[in-house]
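Trainee: Could you take me slowly through one part of this assembly, the place where two of its chains meet? I would like a close look at that part alone.

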Amino acid sequence: MTKLFPVSLKVNGKDYEREVEARMLLSDFLRHELGLMGTHVGCEHGICGACTILFDGEAVRSCLIFAVQASGHEIRTVESLGTPENLHPLQQAFTEKHALQCGFCTPGFLMTLVPFLEENPNPTEEEAREAIDGNICRCTGYEKIVEAVQDAAAKMSQGK
Amino acid sequence: MKPVKFDYYAPTNVPEALETLAELGYDGKVLAGGQSLIAAMNFRMARPAALVDLNGVPELSYIKPNSDGGLAIGTMTRVSTVEHDPEVAKRFPLLLEVAKFIAHPQIRRRGTFGGAIAHADPAGQLPSIAVVMDANVLIRGKGKERWVKAPELIIGPFMTTIEPDEMLAEVVLSANPAHTGSNYMQVSRQSGGYAQAAVASVVTLDGEKVKTIRLVLMGIGEAPILSQKAIEILVGEIPTPDALKAVAEACATSEIDPATDIHATADYRRTLVRALVARSLTESIKRAKKGG
Amino acid sequence: MTGKYFGQPIKRLEDKFLLTGNAKFIDDIEIPGLLHAAFMRSDFAHAIIKKLDVTEARKHPGVVAVYTAEDFGDYWKPGPLQVPPPFAIKDAQFNARTLVPIAKDKIRFSGEPLAVVIAESRYIAEDAIEDIILDVEMLPAVCDLEKAWEDKSVLVHDDLGTNMAALVKQEAGNYEESKKKADVVISKRMLIEHVAAAAMENRGFVVNWDERNQELTVWATTQSPLTIRGSMARGLGLAESQVHVITPFIGGGFGPKVMSSQADDVLLPWISRQLKRPIKWLEDRRENFLATTSERDQIHHCEIALKKDGTILGFKDVFYHNTGAYDSYGMTVPLNTQTHTISNYRVPNYSTEIRMVFTNQMVVTPVRGAGRSEGVQAMERMMDFAARKLGMDPADIRRKNLLTAKEFPLKTGILGQDFVEGVLDSGDYLDNFEKCLKMVDYDKFRKEIQPKARKEGKRLGIGVVAFTEGTAVGPYEGCRITVSTNGKVSMATGYSSQGQGHFTVFAQIIADALNVNIDDVKVITGDTGHFAWGAGTFASRGATLVGTATYLAAQKVRAKIFATASKVLGVPEDQVELCTGSVCVKGQPEKSITLGDLASRANPMRGVVEPGVEPGLEATAYYGPPHGATGSGACAIILSVDSETYKPKIERFVIVHDCGEVINPLLLEGQIQGGVSMGIGNAFYEKLAYDENGQMMTASFMDYLMPQATDMPKRIEMGHNHTKSPLNPLGIKGVGEAGALPPGPAFAQALEDAFSEYPVEFLESNLNPSLVYEYVKKARG
């Protein structure tokens, strides 16, 4: 009998309770136990950043956390930002600047940037570029993502 | 890949943690930040039978001033917490300087100060920093505890003197005397990636002359290399550019035995060490003179 | 050509789904009863299988089945060739040894699948793999291209008696004659390597066999849904109509996802049919490095013959090409190398020979650039070595030989990957180059900036190169456009998407042609249930082929709209015009009908119809070009190099590009920037490294390095030329791979320039600081 452990956590403001194996990665838990498919898995060794989510408000790799470790904590995924009809200003900036192509890495970038922009509401180009250094994008070459970050900062400070 | 099955324990306090480790013995492994361990488990290269997760033990996270003006850092303190702590900034700017190079912020927010040292990855920065700062490390087990200096703690690649039923509990950093300057430098091919070579230095001056010097060469050998040549050449001497050059040369030619791999040849690594040692020492000395 | 939408920087329609986690990728597909597959893969590169025992694995709790090659019986066989063999080329020799779905008796590359486990979860499947017992007799690994060509003692395919996969020679003019007239002849041996695609999303496959309907539904991260539909249907003895292939959103393709008849698409449908259960397989990153196709090394023996004023008289290239353990993808990659070596310049005499070699490594198929980069690198480097020998500036020697507008169309005399003679259709390569030099302030750099830096002890170097990109090759693509009764327009094409913006660019063409709002146009790609003709996404052909087919189909729908409206509104056709979602009569605004209503009227439910009239406002069109359209450009890089650590920093990056007419300038920039980042990766960060035992040493992102945001230049400065292609009505050429082509040689030239006090000559690609150091050390003596 495989031993199961209780997991009780809040994701995007909603409470969940499940029982899972200890080895289940948080990335797999969010996607397949909870059906939140926005968080993507690119490498499972913590480098690509596609799986980045907010853990108690901080951007971390969900592929390097076991689901059982998230018990009692608060998770936010890309689904908490906006909807197709009502985009978050950061998402709006991304589409206006063409900061995504295949879109697979994008949720990871967005979750890295949400707390970054809260702490740095007016980043320079260099600061914006450093902020996304921990996320790999194979499609865009990063330039338009950096533009989107600064555009989002401007949008968000105007309270749009 | 997915990790193999393992048993999982989540103690909520230190005695419980030590009790569990004692019971599990060789089967048990501490799970601290997990940024190295879980990655290795996701390759099925690390296959612990049981994990003792310390993330639920809040009493292991702290940064406290100690009696000599230094700091005691609890093992589970996140690297990013250390990076942003004002008390750390005041006393040990070296930690702020090196933190920027440790992977990326997303990793630093989970990775722990003690965990990184206990992991003793030869490519990791914190084991080398612990050695260059001559950190004093508290190792605890059920009914036992001992203090070990970092250079004696780390004995090889991913190897420390921590027993299976023990855990690293605290890292104590002694205050730097006046006129001390420090520096960390590395050369890596890619931002946040492994360094082909790195150097950390802490220099204390007595007037014009060098009183103490700790120079660690990182990413070159199987464990951090504390340079003896630097001590031989510089202690009691004025650190002229020529003297620093001599140290750099000695380090590059006689204190390291670098490997050739897909990223760098042995000779290139020597060249890096030569460059980095001179630059790092120059920086540290400049900082020592400025105030330290 | 510009319209309300064509030529405009329109925001992408698909973004809002991708940004909010609402876009379905392969791993998002959940089906009741889904089982999970995992492959046991060989650690050995070359070995005879002595024992493969899966008995214990079958007993593992949670495991439903385990299969090895034997279990598939007659179904196991080497797959089909993915592209035709090169016999259209005179005297071509080609030994077909196509990829087998799973290893049988012999292992030929590290990562080759040995067994497949089907279980309740991926976790369990991987556990069960560890219960499988494997005994092998290890063999030496064939890795060295030049050695393997001669040495028959170790063979990748024993029945072949050689490691030669192909020998293809082509000649235009007479090189040996031209050499006699030369003032200078330079010979060099160069190692030119290309890389892994490393898309952020790994490959995946979901298959569901419906026993009651006798239908197979497949979701796959494939660039060629129609190819795998065909091969799965044939393999299982089904009609194509019984196989439905759907491509979800795909997280990047870059080439390898066009490969088919691999373990997943061959074995999993068979298994699904046997078990009567749906099955999902997802590759992990390590598997992607080991066992998904990539490009690798070529060794070029180049010779260039010139007059002392720098005029090229002839070029000769004998090169070895690594095809990996199997050559399913034929000669596409090395043929591209052949054609792109000379496609920029006036080269009246060209002799080229491909020696394609089997090795104990994964199969080579196109990766962004698809062999073109290697050809560009070979020529650009030889130009640099020639310039040095002749004491010429690298810019000047290129000026001397670059093709100009009046020389087009130019027949190259060399057959390309589409087996027709390469024709450079249009462009002005010299103008691209001059524009690039101007943008990077070349003269100022040489006369002021560089000398000043040298005085200050700073190492700055500049590299300027030119390139062409053969795009938009045949055979054909097609689409069907339909106006719905709700007034919205849909288009379906067999082409598939991996992030290029197809959902938007084709909608732009349709919205302009039918005068509707672009938000009312929905594009469906890569779903064989919607459209089932076409070849696949490769060779930067989407915008041109599908774009043209879209334009043609839209014109047909326009004609139907006018014809139908004319009847419905009771006026002659030339009185009718399109007015944003409606059709109205010129001068009589009250007489109009919405497109939706018109669509209803075009499909009567009762009554009689006129003979020859088709129902609805719908049309299908296909487009196949006579040959590919050639894009072109030039690139300049200024590097600063740390004299002690040899680490370079890109100070400026300039690229000028000509892809004819531009459908969406915003997306064009994205394609170029993305290509450039892969080119920079190839030039300086990435390398698929194997050891002498054929073990891959770079099977994770820890060792396979790609540039991160701060490693990229602050700005990729872009210039554009717009030479309309004469080959299609919209005047467009492809651009997807362009950015990846020039950085490699530009880097090498700039580094040599930065160390110009030494006679450094880089004879390989994929440089890194350590390699630069070793080359400089050697040159210093």
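Mentor: What follows is a walk through the interface between chain C and chain A. Please keep in mind that this is a predicted model. On the side of chain C, 57 residues are in contact with 51 residues of chain A, and together the two chains bury about 4,500 Å², with carbon and sulfur atoms accounting for 56% of that area. Within what chain C buries against chain A, L19(C), Y123(C) and M200(C) stand out, since this trio supplies 19% of the area, more than any other three residues.

Turning to polar and charged interactions, there are six salt bridges between chain C and chain A, and one of the salt bridges joins the side chains of E125(A) and K714(C), with an N to O distance of 3.9 Å. Residue pairs in polar contact between these chains, counted where both residues have pLDDT 80 or more, number 28.

As for the elements involved, α1 (15-19), α3 (122-129) and α17 (665-684) of chain C each contribute at least two residues to the side that touches chain A, and the largest share, nine residues, comes from α17(C). Sorted by character, the residues on that side of chain C comprise 25 nonpolar, 16 polar and 16 charged, so that a description of this interface has to take in both the area given by carbon and sulfur atoms, 56%, and the six salt bridges.

Conventions: Residues are numbered from 1 along each chain as its sequence is written. Chains are lettered from A and ligands numbered from 1 in the order in which they are written. This is a predicted model: local features need pLDDT of at least 70, side-chain atom pairs count only at pLDDT 80 or more; totals for chains, interfaces and linings use all residues. Side-chain values use heavy atoms; hydrogens and water are left out. Contact means heavy atoms within 4.5 Å. Buried area is the accessible area (1.4 Å probe) that two parts lose on being put together, summed over both. A salt bridge is a side-chain nitrogen of Lys or Arg within 4 Å of a carboxyl oxygen of Asp or Glu. A polar contact is a pair of N or O atoms within 3.5 Å; within protein, one must be able to donate a hydrogen and the other to accept it, and residues adjacent in sequence count only if both atoms are side-chain atoms. Helices (H or I, at least four residues) and strands (E, at least two) are DSSP runs, numbered from the N terminus. Ala, Val, Leu, Ile, Met, Phe, Trp, Tyr, Cys and Pro count as nonpolar, Asp, Glu, Lys and Arg as charged, and the others, Gly among them, as polar.
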